[in-house]
Amino acid sequence: MTQKKIMIIGLGLIGASLAKCIKNAHPNTFILGWDALDSTKLIAKKTGIVDDIPEDFDTGVCDSDVIILSTPVSVSIHYLNQLSTLTLKETVLVTDTGSTKQEIMSTAKEMPFDFIGSHPMAGSHKSGVTAADDNLFENAYFIFTNDLAIPRVNELKELFIGTRAKYVELTSSEHDEITAMLSHLPHIIASGLVNQADTFNQAHPRAKQLAAGGFRDITRIASSDPKMWTDILMSNRATLIEELDEWQAQMTQVKTWLQQKNAQEIYRFFERAKETRDQLPIHQKGTIPAFYDLFVDVPDKPGIIAEVTGLLGEERLSIINLKILETREDIIGVLQVSFKNDHDLLKAKECIETQTDYTCRTQ
Ligand SMILES: NC(=O)c1ccc[n+]([C@@H]2O[C@H](COP(=O)([O-])OP(=O)(O)OC[C@H]3O[C@@H](n4cnc5c(N)ncnc54)[C@H](O)[C@@H]3O)[C@@H](O)[C@H]2O)c1
Ligand SMILES: O=C(O)C(=O)C[C@]1(C(=O)O)C=C[C@@H](O)C=C1
């Protein structure tokens with residue numbers, strides 16, 4: 001059988017992470033890469049993220065069986081139009097990874113080749129080839145938009161099997177409504193908060209040092225790439241304008257309650273939010289960051305926490321959370337140690353099991 005050629009355009013966080021996942025699951029594929037930055041192409045080639053960088057763009061895409069566009073949304077639309085001017089393989093399958101889907105799907109309608117939209121609902125505020133991570137998509141939702149009903153979604157599902165993500169199919173309009181609410185609006189709010197704090201800090205220079213966990217947690221995503229987010233907003237304008245109207249109405253309501261000293265309504269506001277968030281499936285990426293828990297049965301004796309965390313520290317495993325679930329006198333207690341991914345969780349289990357007598361469970 002001839003070797004399948006995949007061309008990935010845009011070797012940043014998502015493109016390079018997908019390249020790694022494809023290679024892990026399909027070592028026989030030949031991965032070509034393309035990027036606007038020579039330094040990125042060089043790193044991708046040197047680190048083996050791609051097998052090769054073609055001499056020129058046209059040769060690369062015309063020789064490929066699958067083409068993955070993983071650039072900012074407006075750039076991917078530009079490339080899609082460019083691909084329609086070239087003689088690609090008759091059986092080529094083109095996809096993208098963009099965070100919005102309606103605009104690219106309506107461009108794809110006019111294309112002389114098969115196109116199915118993809119969107120892995122996992123990512124990071126980090127960008128670029130050096131942030132590539134083959135564990136990035138594990139357990140996350142991976143959305144396909146196939147408005148054009150191309151009977152080849154299974155080919156993509158097979159190609160992306162190494163992501164270990166959970167596949168979902170949506171129409172592009174459902175996709176853009178949902179992501180506006182759960183991804184795009186939160187990014188606007190996070191950046192708005194940081195900008196408001198910046199203005200405030202100029203009048204209160206000491207404030208910067210005093211920002212604590214709450215501010216850090218709600219604003220992490222404000223460190224994301226501004227080009228990527230400008231493109232996302234510009235391509236989901238109508239839905240976001242509606243979401244922002246609702247958001248403003250909600251904030252005006254809170255302001256009114258404050259003016260009225262209405263503690264009861266303010267309490268209900270926070271109570272509803274707590275109940276809702278507490279019920280969200282926090283073990284799933286795509287909604288709330290996933291935590292991977294290890295349960296260690298430990299004897300009830302002094303220094304036990306230091307012993308377990310010390311062993312994990314020596315393995316350079318970072319702990320996201322630590323809880324003692326049961327400590328009654330002279331019974332075995334349970335330590336719940338949370339990690340940021342499955343890989344760290346399994347490494348921690350192995351480390352504790354090989355270096356102590358304690359029993360470990362992951363459920
Ligand atoms: N970052 C996330 O959390 C996330 C998650 C899912 C999907 N996405 C989407 O995936 C796409 C890629 O995002 P990312 O996070 O990998 O961004 P990134 O900034 O890490 O990577 C984008 C890459 O595209 C390259 N690029 C830009 N213009 C180009 C051009 N004209 N020609 C060739 N290469 C060009 C950049 O040099 C960079 O290497 C975006 O459409 C984004 O909306 C992002
Ligand atoms: O975790 C993050 O940093 C992200 O911003 C990831 C995130 C999101 O959840 O909003 C961002 C954009 C993508 O389209 C999908 C995922």
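How far apart are an oxygen atom of ligand 2 and an N or O atom in the side chain of Ser 183? They are 2.5 Å apart, and the close-ups below show this spot and several others. This is a predicted model, in which local features need pLDDT of at least 70 and side-chain atom pairs count only at pLDDT 80 or more, while totals for chains, interfaces and linings use all residues. Residues are numbered from 1 along each chain as its sequence is written, chains are lettered from A and ligands numbered from 1 in the order in which they are written, and side-chain values use heavy atoms, with hydrogens and water left out.

**Figure 1. The whole protein, before we zoom in.** Along its principal axes, the C-alpha trace spans about 75 × 60 × 40 Å. The secondary structure comes to 14 helices and eleven strands; these are DSSP runs numbered from the N terminus, with helices (H or I) of at least four residues and strands (E) of at least two. Of the 363 residues, 42% count as buried. Here buried means under 20% relative accessible area, exposed means over 50%, and partly exposed is in between, using a 1.4 Å probe and protein chains only. Among contacts (heavy atoms within 4.5 Å) between residues at least 6 apart in sequence, 69% join residues at least 24 apart.

**Figure 2. Around ligand 2.** The residues to look for here are Ser 99, His 119, Gly 123, Ser 124, His 125, Ser 183, His 187, Arg 220, Ile 221 and Trp 229, each counted as near through a heavy atom within 4 Å. Ser 183 we have met already, with its side chain 2.5 Å from a ligand 2 oxygen. A polar side-chain atom of His 119 is 2.6 Å from an oxygen atom of ligand 2. The side chain of Ser 99 has an N or O atom 2.7 Å from an oxygen atom of ligand 2. Such polar contacts are pairs of N or O atoms within 3.5 Å; within protein, one must be able to donate a hydrogen and the other to accept it, and residues adjacent in sequence count only if both atoms are side-chain atoms.

**Figure 3. Around ligand 1.** This ligand is surrounded by 26 residues, and the closest are Asp 35, Thr 71, Tyr 79, Ser 99 and Gly 128. Ser 99 appears again: an N or O atom in its side chain is 2.7 Å from an oxygen atom of ligand 1. Backbone atoms take part too. A polar backbone atom of Ala 36 lies 3.0 Å from a nitrogen atom of ligand 1, and a backbone N or O atom of Ser 124 is 3.1 Å from an oxygen atom of ligand 1.

**Figure 4. Aromatic rings meeting.** Rings of Phe, Tyr and Trp (its six-membered ring) pair if their centres lie within 6.5 Å; planes under 30 degrees apart count as stacked, over 60 as edge-to-face and the rest as tilted. By this rule there are eight aromatic pairs. Trp 34 and Phe 57 form an edge-to-face pair, because their ring centres are 5.8 Å apart and their planes are at 65 degrees. Trp 34 belongs to strand E2 (residues 30-34) and Phe 57 to helix H3 (residues 57-62), so this pair ties together parts that are 23 residues apart in sequence. Both Trp 34 and Phe 57 are buried. Trp 257 and Phe 269 are edge-to-face as well, with centres 6.2 Å apart and planes at 65 degrees. This pair links helix H11 (residues 237-259), home of Trp 257, to helix H12 (residues 263-278), home of Phe 269, across twelve residues. Trp 257 is buried at 14% relative accessibility, whereas Phe 269, at 24%, is partly exposed. Elsewhere, ring pairs join Phe 142, Phe 144, Phe 160 and Tyr 167 into a cluster.

**Figure 5. Lysines over rings.** A charge sits over a ring if NZ of Lys or CZ of Arg is within 6 Å of the ring centre and within 35 degrees of the ring normal. Lys 41 lies over the face of Trp 34, 3.7 Å from the ring centre. Lys 166 lies over the face of Tyr 141, at 4.7 Å from the ring centre.

**Figure 6. Gln 336 and its surroundings.** Gln 336 sits in strand E10 (residues 333-339), and its 12% relative accessibility makes it buried. Its side chain makes a polar contact with the side chain of Asp 293, at 3.2 Å. Leaving aside neighbours within four places in sequence, Gln 336 touches residues including Asp 293, Phe 295 and Asn 321.
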